[in-house]
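Reader: I'd like to go through the labels on this one and hear what stands behind them. Could you start with the terms?

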Amino acid sequence: MEQALARGVPGILGQCGGGITCSTCLCHVPPAWLPRLPPPDPDETELLTLVPEARANSRLSCQIPVTDSLDGLTLRVVPTTPLGE
Ligand code: FES
């Protein structure tokens with residue numbers, strides 16, 4: 001999320017600053033890459049159940065630390081309406 005904001009990626013708002021409360025950083029991860037990401041913590045999992053656009057391969061990009069092991073990963077940005085609006 002932070003890298004997307006820094007680069008002006010459309011559709012990533014990061015409204016809560018990574019606090020796992022807004023879902024405006026939602027993305028879809030290619031299924032083959034899911035095992036390479038750290039697992040979602042319970043707060044992320046719970047929030048994803050509330051987001052209509054979420055799928056089994058969705059993650060909050062604010063919860064994905066950028067590391068060398070993710071070199072080559074391409075995420076699909078999924079615009080969402082902030083929860084509560
Ligand atoms: S920036 Fe709000 S949940 Fe990721």
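Author: Sure. A polar contact is a pair of N or O atoms within 3.5 Å; within protein, one must be able to donate a hydrogen and the other to accept it, and residues adjacent in sequence count only if both atoms are side-chain atoms. This is a predicted model, where local features need pLDDT of at least 70, side-chain atom pairs count only at pLDDT 80 or more, and totals for chains, interfaces and linings use all residues. Residues are numbered from 1 along each chain as its sequence is written, and side-chain values use heavy atoms, with hydrogens and water left out.

Reader: What makes the link between Asp41 and Asp43 a polar contact?

Author: At the start of α2, a side-chain oxygen of Asp41 comes to within 3.0 Å of the backbone nitrogen of Asp43, and the cut-off is 3.5 Å.

Reader: Why are the buried residues of α2 said to be on the same side?

Author: Buried means under 20% relative accessible area, exposed over 50%, partly exposed in between (1.4 Å probe, protein chains only). Glu44, Leu47 and Leu48 are the buried residues of α2. They cover an arc of only 100° around the axis (directions from the helix axis to the C-beta atoms), so they sit on the same side of α2. On the other side of α2, Pro42, Glu46, Thr49 and Leu50 are exposed.

Reader: How do you know that β1 and β2 pair?

Author: Two strands pair if DSSP finds at least two bridges between them. β1 (residues 26–28) and β2 are joined by 3 bridges and run antiparallel, so they pair.

Terms used
Helix = DSSP H or I, 4+ residues; strand = E, 2+ residues; numbered from the N terminus.
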